[in-house]
Amino acid sequence: MKREEVIDAICQDRLNDKFITLYGNNQETINAQKERYVKAIKSFETLYPESNEISIFSAPGRTEVCGNHTDHQHGCVLAAAVNLDAIAIVSFHNDHVIRLQSVGYEQEFIELDQLNIHPEEKGTSRSLVRGMVSQFHDMGVDVGGFNVFITSDVLSGSGLSSSAAFEVLIGNIIDRHYNNGQAGAVKIAKMGQYAENKYFGKESGLMDQMVSSVGGFVFIDFEDTTNPVIEKHSCDFEKAGLRLIITDTKGSHADLTDDYVSIPSEMKLVAAQFGKLVLREVDEEQFYQSLARLRTVCSDRSILRAAHFFGDNARVEREVEALDKKDFPSFLRLVRESGRSSAELLQNLYSTKKPIEQGIPLALMASKKLLEDRGAFRVHGGGFAGTIQAFVPFMLIEDYKKAMEALFGEGCCYILNIRPEGGYQVV
């Protein structure tokens, strides 16, 4: 469609059904998205005035619900796509270059005749784009090129996975236009992980990309990491009278790499005592029978973290069962249990390097005081700093938001919906 035709469709509410699918049935939210899309199209026009024919794509952030630090031990996770997303205004051409402008960053140019890994690009969006294109090229897809403007409200560093949303977005742009959508959601997720691992230079599991790409509630079993079991589930939290809220405690992730790395390292150390590489391969009963022996060769914390793995890995399937049965009291109880396990056994609420900075425990304490058993709350994502997750009854949303903002400042709360769709072409 032409730019002005798309703007007219937005302003005349002809895209409202799609907006409701992606962002929920709240008129204030829909109006905000309409303004956001029109603004993005105008920004695209300023950058690429010669590009009149456009398409629009969207890819969501994600929230981890259960299975905190279980994926790297080949365990199970339950996560969900949310209605914070990255959107791309795109026009296609055959210049064999991708011209990319993301809000807040310098414009990038990716030549499509140079698809090998560029070491100097590590850690940049260019590397991710090049990594995605290279895999389509290896599949025999002729990517002609495109101009793209990207804006994202997926918070960077929030545990909502902005990088996965970006990868899924690029994958969908290429797949839908140049590959007739033949790769599909699961393949695009795996391609995103590869681009992040090999081109961007960050080792990551597959959970973030898979949830962003597939959408909805997603159960993933990583026992076979080359062919994980993936199940999409649906659940209407609106009917249950619950809303998902992510609170940013404004803690810094700087200098926390050692904290994050310590968790898989310590879990694998325990697994090694049984001749295994990861805890998923270890018999849980044998683990508990061996506690005294383990304590002679492993730290107490590593043993506790292994115990968290066994508990949370089993808890994932029980949460999925509760969702499928629409048994929300059991679901909320299991979320609270998972949160307590992360706090007491996994111990990822704050860094031991910064023991007086405890924003996450403070947020959880305040959440417990307000919600009690009427909702659920837990550390969100990798932990140590950043965000918490809460499932809050409608009647308590305003009180909860007020309490969190009193502690962490205005705008710290993100009241979200579970998004049923993953990577998506809007126009």
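The legends below describe close-up views of a predicted model.

**View 1. Cysteines 76 and 66 in a structure that holds 0 disulfides.** The sulfur of cysteine 76 has its closest cysteine sulfur in cysteine 66, at 9.6 Å, which is too far for a bond, given that a disulfide requires the two sulfur atoms to lie within 2.5 Å. Cysteine 76 itself counts as buried, because its relative accessibility is 2%.

**View 2. Cysteines 413 and 412.** Here the closest cysteine sulfur to that of cysteine 413 belongs to cysteine 412 and lies 4.1 Å away, again too far for a bond. With a relative accessibility of 9%, cysteine 413 also counts as buried.

**View 3. Helix H9, residues 257-272, and the helices that cover its buried residues.** The 16 residues of H9 reach 23 Å from the first C-alpha to the last, close to the 22 Å expected at 1.5 Å a residue. The buried residues of this helix are Asp259, Ser262, Ile263, Pro264, Glu266, Met267, Val270 and Ala271, and what covers them includes helices H10 (284-289), H11 (291-295), H12 (300-324) and H13 (328-346).

**View 4. The second largest pocket and its lining.** This pocket holds about 480 Å³ of space and is lined by 18 residues, with Asn26, Glu28, Thr29, Asn83 and Ile415 lying nearest its centre. Helix H3 (27-47), strand E2 (76-92) and strand E11 (413-416) each supply at least two lining residues, and the largest share, 5 residues, comes from H3. Sorted by class, the lining of the second largest pocket consists of 6 nonpolar, 7 polar and 5 charged residues.

Conventions. Residues numbered from 1 in each chain as written. Predicted model: local features only at pLDDT ≥ 70, side-chain atom pairs only at ≥ 80, totals over all residues. Heavy atoms only, no water. Buried < 20%, exposed > 50% of the residue type's maximum accessible area, 1.4 Å probe, protein only. Helix = DSSP H or I, 4+ residues; strand = E, 2+ residues; numbered from the N terminus. Expected span 1.5 Å × (residues − 1). Contact = heavy atoms within 4.5 Å. 1 Å grid on protein atoms, 1.4 Å probe; cavity = no way out; pocket = protein on both sides within 12 Å on 5 of 7 lines; lining within 4 Å. Points joined across faces, edges and corners; volume = space filled by probe spheres on them. Nonpolar A, V, L, I, M, F, W, Y, C, P; charged D, E, K, R; others polar.
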